[in-house]
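Trainee: I would like to go through the labels given to this model and check each one against its criterion. Where do we start?

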Amino acid sequence: MKVTIDSVEQDHLKKNLTPFRVGDQVRVTLKIVEGDNERLQAFEGTVIRISGQGLSKMFTVRKISFGVGVERAIPLHSPRIEKVEVLRSGHVRRSRLYFLRERTGRAARLDEKIERRDEGALPKPPPPPAKAHSPAPAPVARP
């Protein structure tokens, strides 16, 4: 049996990842170790880049904190990641959103993506039950 890098990496890849894309607003919950204590800390922002492949896949999250832009590059398959939540999906046409670095406030917002694929996945309501054919009721005479 031939041992390759891909076969070794398969053991360390996370299986239960939430799918997200560039432009999505995410909340990443990370395990922070301080001495003997371990706590959870959330980092919420916009995904501006996804790079790499396999075990070395990384994503960069950007947020504005007290008027200062903060970016954090996080390994996707890191054991320090507790969970990744997608808060909203942004509509973008680029794979790198570096233009957001020059923008602040309202100009830094992205349009929200409207999923059109989900509409086709909804089950159609059943047709109304067929009524048995009965003669029309006689007209009612009104005084």
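Mentor: With salt bridges: the term requires a side-chain nitrogen of Lys or Arg within 4 Å of a carboxyl oxygen of Asp or Glu. By that rule the count is eight salt bridges. Keep in mind that this is a predicted model.

Trainee: Why is the contact between arginine 62 and glutamate 71 called a salt bridge?

Mentor: The N to O distance between their side chains is 3.1 Å, and the cut-off is 4 Å, so the pair qualifies.

Trainee: What makes lysine 83 and glutamate 85 a salt bridge?

Mentor: Their closest N and O atoms are 3.9 Å apart, which is within 4 Å, so the label applies. Salt bridges with shared partners also join Lys83 and Glu85 with Arg27 and Glu44 in one network.

Trainee: How do you know that arginine 88 and glutamate 112 link distant parts of the chain?

Mentor: Arginine 88 is in strand S5, whereas glutamate 112 is in the loop between S5 and helix H2 (117–121), 24 residues apart. The salt bridge itself has its closest N and O atoms at 3.6 Å.

Trainee: Is arginine 62 buried or exposed, and on what grounds?

Mentor: Buried means under 20% relative accessible area. Arginine 62 has 12%, so it counts as buried. Its partner glutamate 71 has 31%, between the 20% and 50% limits, and is therefore partly exposed.

Trainee: Why is threonine 60 called buried?

Mentor: Its relative accessible area is 10%, which is under 20%, so the term fits. Threonine 60 lies in strand S3 (residues 58–65). Beyond its neighbours within four places in sequence, its contacts include Ile48, Glu71 and Arg72.

Trainee: What makes phenylalanine 66 exposed?

Mentor: Its relative accessible area is 86%, and exposed means over 50%, so it meets the criterion. Phenylalanine 66 is in the loop between S3 and strand S4 (68–75).

Trainee: Why is the phi of phenylalanine 66 worth listing?

Mentor: Most residues other than glycine have a negative phi. Phenylalanine 66 has a positive one, near 55°.

Trainee: Why is the pair of phenylalanine 20 and phenylalanine 59 called edge-to-face?

Mentor: The count is one aromatic pair. The ring centres are 5.0 Å apart, within 6.5 Å, and the planes meet at 65°, over 60, so the pair is edge-to-face. Phenylalanine 20 is in the loop between helix H1 (5–10) and strand S1 (25–34) and phenylalanine 59 is in S3, so the pair ties together parts 39 residues apart in sequence. Both rings belong to buried residues.

Trainee: How do you know that the charged end of arginine 72 sits over the ring of phenylalanine 43?

Mentor: That end is 5.9 Å from the ring centre, and the distance limit is 6 Å, so this part of the criterion is met.

Trainee: What makes a group of residues a nonpolar core?

Mentor: The members are buried nonpolar residues joined through side-chain atoms within 4.5 Å. The largest such core has 13 residues, and those with the most contacts inside it include Phe20, Val28 and Phe59. Strand S1 gives the largest share, four residues. A second, separate core of five residues includes Val22, Ile48, Leu97 and Leu110.

Notes
Residues numbered from 1 in each chain as written. Predicted model: local features only at pLDDT ≥ 70, side-chain atom pairs only at ≥ 80, totals over all residues. Heavy atoms only, no water. Helix = DSSP H or I, 4+ residues; strand = E, 2+ residues; numbered from the N terminus. Buried < 20%, exposed > 50% of the residue type's maximum accessible area, 1.4 Å probe, protein only. Contact = heavy atoms within 4.5 Å. Phe/Tyr/Trp six-rings, centres within 6.5 Å; stacked < 30°, edge-to-face > 60°. Lys NZ or Arg CZ within 6 Å of the ring centre and 35° of its normal.
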